[in-house]
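Got the viewer open? Let's take a walk through this one, stop by stop, with something to select at each.

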Amino acid sequence: MPDWKSEEQARAEIKALVSEYYNQFKTKKTYKEGDRITYAARVFDEKEMCALTDATLDFWLTTGRFSDEFENNFAQWIGVKYAHLVNSGSSANLLAFMVLTAPELGEKQIKPGDEVITVACGFPTTVTPILQYGAVPVFVDVTIPQYNIDINALEDAYSDKTKAVMIAHTLGNPFNLKAVKEFCDKHNLWLVEDNCDALGSKYTIASETKFTGTWGDIGTSSFYPPHHMTMGEGGCVYTDNPLLNRLILSFRDWGRDCICPSGRDNFCGRRYEGQYGELPKGYDHKYVYSHFGYNLKVTDMQAAVGCEQLKKFPFFIERRKHNWARLHKALECAEDKLILPCPAENSDPSWFGFLISIKEDSGLDRENVVRYIEGKNIQTRMLFSGNLIKHPCFDSIRGTDKYRVVGDLKNTDYIMNNTFWVGVYPGMTDEMIDYMAQVIIESIE
């Protein structure tokens with residue numbers, strides 16, 4: 001048995017063993033041509049494993065000291081006043097929309113039947129909360145090769161029922177924030193930035209440059225393993241608005257009125273003094289619910305991993321940019337048959353992936369191209385739903401007033417039929433990027 005003199009010594013020795021374990025069994029093997037190239041993967045070392053061990057030894061399990069540390073450091077890094085962890089990026093989107101249905105928002109409260117402008121070309125959980133709360137998603141088309149909302153359709157999509165715009169930055173490429181923000185300001189609309197695929201991207205308006213996710217009223221992030229950084233599962237909701245911040249905390253933590261941190265009682269000093277709703281005066285404030293909420297909190301083990309990932313994040317961003325630029329340069333010789341992606345004007349993307357569309361007159365079929373690439377052990381992905389309203393989940397509401405479409409979604413359908421993407425995650429080497437380029441070129445020849 002170890003002769004530990006203190007818990008501190010025990011922790012140090014346990015983490016030293018974890019570090020040795022990582023170095024012996026988990027260090028990445030050298031890439032050889034033909035090895036499987038996934039579209040994304042976790043990039044970590046012994047520091048994440050030791051942080052996870054530290055949190056496990058605390059055995060606090062729910063939100064705790066590591067969560068506090070991450071939220072504070074993340075908010076400072078991205079440049080917002082408030083940031084709160086949740087258990088996934090999808091929960092982050094749910095929470096971001098949910099708070100906009102709060103009665104405290106007065107005339108700006110989103111109610112059933114109100115409309116929210118969005119796109120059908122993206123991930124479903126950007127749209128799902130809108131439908132679940134009885135609001136009406138209004139779908140507009142996107143542009144190619146930016147793959148973001150067509151700002152020319154915004155005014156056509158607007159009605160006296162419009163309350164918000166909720167859209168994602170596609171695979172790291174920011175949408176036209178200047179135009180969308182001006183539209184939202186003009187009509188007094190909420191702007192929710194789904195930043196799950198674009199963490200670390202920057203956008204400039206006039207002379208001001210900020211991270212995506214911080215231009216709108218609320219930003220969301222995902223920390224699922226393929227994303228820019230990982231906690232395994234996890235997400236974040238962030239804002240500069242004090243009222244929205246208070247609502248985020250309530251809806252995330254069961255809908256309660258109390259703001260006491262987890263595990264702490266009477267933080268406000270008025271636990272038994274208030275009068276709420278029709279409850280008896282002095283009812284325990286920890287069990288007063290001002291909203292219909294959920295428990296969407298993250299665990300401290302996940303947050304501990306995130307604390308170490310955040311330290312590596314500047315390198316992750318730069319490596320993604322490097323890989324994207326190298327792949328783009330290598331594929332420029334194939335632009336007669338392929339549409340290569342293009343960064344948005346006034347943006348500095350932190351790329352999540354590399355989008356490729358087959359040109360209409362190329363004589364190529366995407367299925368054959370993708371099958372060839374996959375056959376060479378390179379993983380590909382579609383641009384998520386392609387066109388969300390074509391999916392079975394819309395069968396029960398298709399043709400009803402539960403949603404509205406503006407225009408013909410021509411580019412959305414084109415992407416559904418002709419577009420795919422490959423990864424540029426920071427664990428990729430130049431050799432892997434070059435091999436991918438070689439195989440992609442072979443696939444169209």
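**Stop 1: a three-stranded sheet.** This is a predicted model, and the tour begins with an open sheet of three strands, ordered E7-E6-E11 and paired antiparallel. Which strands sit at the edges? Select 208-211 for strand E7 and 347-348 for strand E11: each of these pairs on one side only. Now add residues 202-205, which make up strand E6; E6 and E11 run antiparallel to each other and are joined over two bridges. To see a pair from that match-up, pick Lys-202, whose bridge partner in E11 is Asp-348.

**Stop 2: the nonpolar cores.** In soluble globular proteins, nonpolar side chains tend to be buried together. How many residues does the largest nonpolar core have here? It has 34, and the ones with the most contacts inside it are Ile-117, Val-140, Ile-149, Val-165 and Val-180. Several elements supply at least two residues each, among them strand E2 (115-119), strand E3 (136-140), strand E4 (162-168) and E6 from the sheet you just left. Helix H7 (177-187) is another supplier, and with four residues H7 gives the largest share.

Zoom in on Val-165 and show what surrounds it. Leaving aside residues up to four places away in sequence, Val-165 touches Val-116, Ile-117, Val-180, Phe-183, Cys-184, Leu-189, Trp-190, Leu-191 and Val-192. Apart from this core lies another one, of 30 residues; to find it, select Ala-334, Ile-358, Phe-420 and Val-422, which are among its members.

**Stop 3: a helix with two sides.** Select 65-78 to get helix H3: its 14 residues reach 20 Å from the first C-alpha to the last, close to the 20 Å expected at 1.5 Å a residue. Which residues of H3 are buried? Color Phe-66, Ser-67, Phe-70, Glu-71, Phe-74, Ala-75 and Ile-78. These buried residues are on the same side of H3, because they cover an arc of only 155 degrees around the axis. Turn to the other side of H3 and you'll meet Asn-72 and Gln-76, both exposed. Just after H3 comes Gly-79, with a positive phi near 95 degrees.

**Stop 4: some backbone oddities.** Most residues other than glycine have a negative phi, and most peptide bonds are trans. Go to the loop between E3 and H6, where Pro-145 lies. The peptide bond leading from Ile-144 to Pro-145 is cis, with omega near 20 degrees.

Next, try Asn-377, in the loop between H10 and E13. Asn-377 isn't a glycine, yet its phi is positive, near 70 degrees. Its relative accessible area is 29%, so Asn-377 is partly exposed. Then hop to Leu-409, in the loop between E13 and H11. Leu-409 also has a positive phi, near 50 degrees. Is Leu-409 buried or exposed? Its relative accessibility is 3%, so Leu-409 counts as buried.

**Stop 5: a serine in a loop.** Finish at Ser-385, in the loop between helix H10 (366-375) and strand E13 (404-405). Why does Ser-385 count as buried? Because its relative accessibility is 9%, and the cut-off for buried is under 20%. What does Ser-385 touch, if you skip residues up to four places away in sequence? Show Ala-120, Gly-122 and His-391. Last, look for the backbone nitrogen of Leu-388: it lies 3.5 Å from a polar atom of the Ser-385 side chain.

Technical notes. Residues are numbered from 1 along each chain as its sequence is written. This is a predicted model: local features need pLDDT of at least 70, side-chain atom pairs count only at pLDDT 80 or more; totals for chains, interfaces and linings use all residues. Side-chain values use heavy atoms; hydrogens and water are left out. Buried means under 20% relative accessible area, exposed over 50%, partly exposed in between (1.4 Å probe, protein chains only). A polar contact is a pair of N or O atoms within 3.5 Å; within protein, one must be able to donate a hydrogen and the other to accept it, and residues adjacent in sequence count only if both atoms are side-chain atoms. Contact means heavy atoms within 4.5 Å. Two strands pair if DSSP finds at least two bridges between them. A nonpolar core is a set of buried Ala, Val, Leu, Ile, Met, Phe, Trp, Tyr and Cys residues joined through side-chain atoms within 4.5 Å. The expected span of a helix is 1.5 Å times one less than its number of residues. The arc is that of the directions from the helix axis to the C-beta atoms.
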